[in-house]
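Colleague: Can you put the structure up? I have a few short questions about it.

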Amino acid sequence: MSDPGDLVVLRQALVRELETINHYQQLMDRAVSVEVKDLMRHLMDEEKEHVAELTALLRQGDAVQDRMFVEGHAEAIGRGKASPLAKPSAPTGSSVPGLTVGSLIGTSFA
Ligand SMILES: [Fe+2]
């Protein structure tokens, strides 16, 4: 399967699944009871399964996308070597030590 139309469908579905994961996360955070929190977590985990299924099919149909996994880009991020969620150290030559775009993630400027 490498039909360009199918690849678009897979990517759009992937976007929706990722958005839905965020939505369930927000609902889980808002929920008060353990029972409702657990249900939201369960639903969110199911969406993560769908992400994995869509990604697997996308890799089968898109050789360039697959190569990005084969070459280890995903592993580098997934194992924290280049995690965008981790506080990165300042790149060499930075004029403001310790300050990078990545270090501003989650920072409130209000
Ligand atoms: Fe889903």
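Colleague: What phi does G72 take, just after α3?
Modeller: G72 takes a positive phi of about 95 degrees. This is a predicted model, where local features need pLDDT of at least 70, side-chain atom pairs count only at pLDDT 80 or more, and totals for chains, interfaces and linings use all residues. Residues are numbered from 1 along each chain as its sequence is written.

Colleague: And α3, is that buried or in the open?
Modeller: Helix α3 spans residues 63-70, and zero of its eight residues are buried, so it lies largely in the open. Buried means 20 or more other C-beta atoms within 10 Å of a residue's own, exposed means 12 or fewer, and partly exposed is in between, with C-beta atoms placed from the backbone.

Colleague: How many helices and strands does the chain have?
Modeller: Four helices and zero strands. Both are DSSP runs numbered from the N terminus: helices are H or I, at least four residues, and strands are E, at least two.

Colleague: How do α1 and α2 cross?
Modeller: Their axes come within 9 Å and cross at roughly 160 degrees. That makes α1 roughly antiparallel to α2, because angles over 145 count that way. Axes are lines fitted to C-alpha atoms, for helices over the stretch in contact, and angles run from 0 to 180 degrees between N-to-C directions.

Colleague: Which helix has the lowest mean pLDDT?
Modeller: Helix α4, residues 73-78, at 71, while α2, residues 34-61, has the highest at 98. pLDDT is the predictor's confidence in each residue, from 0 to 100.

Colleague: Where does pLDDT stay under 50?
Modeller: Over residues 86-104. Where pLDDT is low, the predicted coordinates should not be read in detail.

Technical notes
Contact = placed C-beta atoms within 7 Å. Parallel < 35°, antiparallel > 145°, perpendicular 65-115°, else oblique.
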